[in-house]
Amino acid sequence: YGFINTCLKSLVIEKYGEETWEKLRLQAGVQDSFLTFEVYKDEITMQLVDKACKVLGVPADVVLREFGKYFFEFCKRSGYDHMLRTLGGNLYEFIENLDALHSYLSLSYQASFGFVWFFPQEMNAPSFRVEKNEDGSMHLHYYSDRRGLCHIVPGIIGAAALDFFNIEISMKIVNQTEEEERTGKKEHIVFLVTQNPLFPCKERNEFSSSSQCLVDSEKQIENQLNKEDLEKAKNANGDRGNSVCPVKKSHWKTLRGIITLGKGKLLRGFDPVYPKSLWIDTKTFCNGLPFHMVFDKELKVKQAGVSIQKIVPGLQTMGICLDQYFRIVHPEVPFTISSIQKFINSHFVFQTRREMMPESWKERPMLELRGQMMWMESLQCMLYLCSPLLRTLHELEERQMHIADIAPHDVTRDLILLNQQRLAEMELSNQLERKKEELRILSKHLEEEKKKTEALLYAMLPQHVANQLKEGKRVEAGEFKECTILFSDVVTFTNICAQCEPIQIVLMLNSMYLRFDRLTTVHDVYKVETIGDAYMVVGGVPVPVPTHAERVANFALGMIMAAKGVQNPVSGNPIQIRVGIHTGPVLAGVVGEKMPRYCLFGDTVNIASRMESHGVPSKIHLSSSAYQCLKYKNFEITERGEIEVKGKGKMHTYFLIRNKSATENEIMGRP
């Protein structure tokens, strides 16, 4: 069930983090989430456990034991705390009733949703049998179809013992064999369970140092009791037999042995009273318990309830062998008295044999009975007290039975009706869980698409500007007192366009711009726009930085190197570019609503453009302001002199040659 896999996922995430779970599940090749009531293949869980061992570098027995401990806590957090706590008053009773819990869960959930211990799909739960030893230890017999999972048991049982009974236990395997008694040769593990009660430190000190106080307390309690009523209670117990405990008792035995009935009425202990003869006739017994059978050591039926006779007509012939009409579904043991006695504390499920039913009934589903076995030593017979194993009214109708066939005192009546409503609620819960999972997947896909959209948006506009536009805010223009702007273009681009096909021009520009775009990331400069063969970047905008000139200069050097890798479609030689750089103030802002662009305004833009247009092929042309920013920054720069610049008159300009402190690989962002 998905509950098992969800628990394993929760354990990995809680102890090792989301990344470890993601790595583990990818290696196992399983989905990220599991529906609680959905049935999944065993292989998925086995694969997760196997990959967990490899990813975490931990042996399988350690992983399974840790999983067992966590699984117990996970079940408690999932709302099954009270159900587990009420299984027994001590560890022996708790283990003894595990099979009964599985039986209830299989009845309660139509899909056999029994998950308290480790089992998949069709409620093929493990089985437990416990034996007490004289020294206080126990032998726990664990039967399962699945090999290699036995180490989960010490984890779960240990956690339950510590939590419910304040007992620390140790469990070790004393026998591990193929189970020959049970069908299918299942795994049979025998654990030796030893118990060590735990006392809180304060309680332990008080217990060891206050024996005199206990004696004094006992005397005070006995003095406060009504002596006359106490004597009557003792006499009443004395009349019942010789099982009265000695008068001298410890403090705790005194408290446990006294039960107050009404005002001042006290009784010690309890001994049941049995009549000398059974005051019930055979007919009333068979009608009052319509689903019961009595059979001897040879499995010959001696007695059967009226309803079971109606469903299995062959039982009206006394003396027939029970195994001719029924087979044992749970526990999976041979149909012999010795095997039944061995698992006497288990709930037994019988199923009718189809071949023994009347011909007209063979299309009906076979009836299953669930109940307990009681060995009657005096009669050397076994009593099977049972009820029909039915989950819904639909199952009742399929077997052509009615509520009236079940005794009024049998809670199976109420269980069928309540379970009908419960199954409807479970189906609604399943639908909600599926919808929740669908929404989670859609949300995940939506988040992925959102990231793609944002990445595209941030490639077109600065991030803070894009975020303001997304929020519907107006983006105010900003003034930057100093930044460095670069323009570049392809030499003889007009001639190339005249001699080539348009697709060749597109491929050439795309190849060049991909190289330039990568360099903008390497040197952290902002790409403003491209128009035809013109490429414009800026340093210090939209985020002001003191190193804006160095960044743009290194980017320009990278452009010259990158252009050598782009082929001229006309000549086949590397293309040549002109680069111009200028430093100065600008105004930056978003213009337009349709396809908004982040644009730069000011004379600095014009001068940078003039530096590019008045440049030399494969050279980086600097204005005097750009030179002033770079002259003390380890760059090799040569003077060009005064030139006539259109619209600006004479200007003193320079050429950037190289970066003295950076290698070509560093400029290109190569490792």
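What pLDDT does the protein average, and what share of the residues score at least 70? In this predicted model, the average pLDDT is 81, and 84% of the residues reach a score of at least 70. Two stretches fall below 50: over residues 110-122 the pLDDT is under that value, although the stretch has 59 contacts in the model beyond near neighbours in sequence. Residues 224-230 likewise have a pLDDT below 50, and there the model shows six contacts beyond near neighbours in sequence.

Helix 7 spans residues 152-165 and includes Ala159. With a relative accessible area of 13%, Ala159 falls under the 20% limit and is therefore classed as buried. When neighbours within four places in sequence are set aside, the residues in contact with Ala159 are Lys69 and Phe72. The C-alpha atom of Ala159 is also separated by 8.1 Å from that of Glu73, a residue 86 positions away along the chain.

Helix 16 covers residues 412-460, and Thr412 lies in this helix. The relative accessibility of Thr412 is 9%, and because burial is assigned under 20%, this residue counts as buried. The side chain of Thr412 takes part in a polar contact of 2.8 Å with the side chain of Asp410, and a further polar contact, of 3.5 Å, joins the side chain of Thr412 to that of Ser387. Ser387 appears again, together with Pro388 and Ile406, among the residues in contact with Thr412 once neighbours within four places in sequence are left aside.

For residues 418-456, an unreviewed UniProt entry lists the feature "coiled-coil region". In the model, the chain over residues 418-456 is 100% helix and 0% strand, and the C-alpha atoms at the two ends of this segment are 56 Å apart.

A hairpin is formed by strand 14 and strand 15, with two residues between them. Strand 14 comprises residues 526-531 and strand 15 comprises residues 534-539, and the two pair in the antiparallel sense over five bridges. Within this pairing, Glu529 stands opposite Met536 of strand 15. The turn of the hairpin contains Gly532, for which the phi angle is positive, at about 60 degrees.

Note on methods:
Residues are numbered from 1 along each chain as its sequence is written. This is a predicted model: local features need pLDDT of at least 70, side-chain atom pairs count only at pLDDT 80 or more; totals for chains, interfaces and linings use all residues. Side-chain values use heavy atoms; hydrogens and water are left out. pLDDT is the predictor's confidence in each residue, from 0 to 100. Contact means heavy atoms within 4.5 Å. Two strands pair if DSSP finds at least two bridges between them. Helices (H or I, at least four residues) and strands (E, at least two) are DSSP runs, numbered from the N terminus. Buried means under 20% relative accessible area, exposed over 50%, partly exposed in between (1.4 Å probe, protein chains only). A polar contact is a pair of N or O atoms within 3.5 Å; within protein, one must be able to donate a hydrogen and the other to accept it, and residues adjacent in sequence count only if both atoms are side-chain atoms. UniProt positions are given in the numbering used here, feature names are shortened, and annotations may be inferred rather than shown by experiment.
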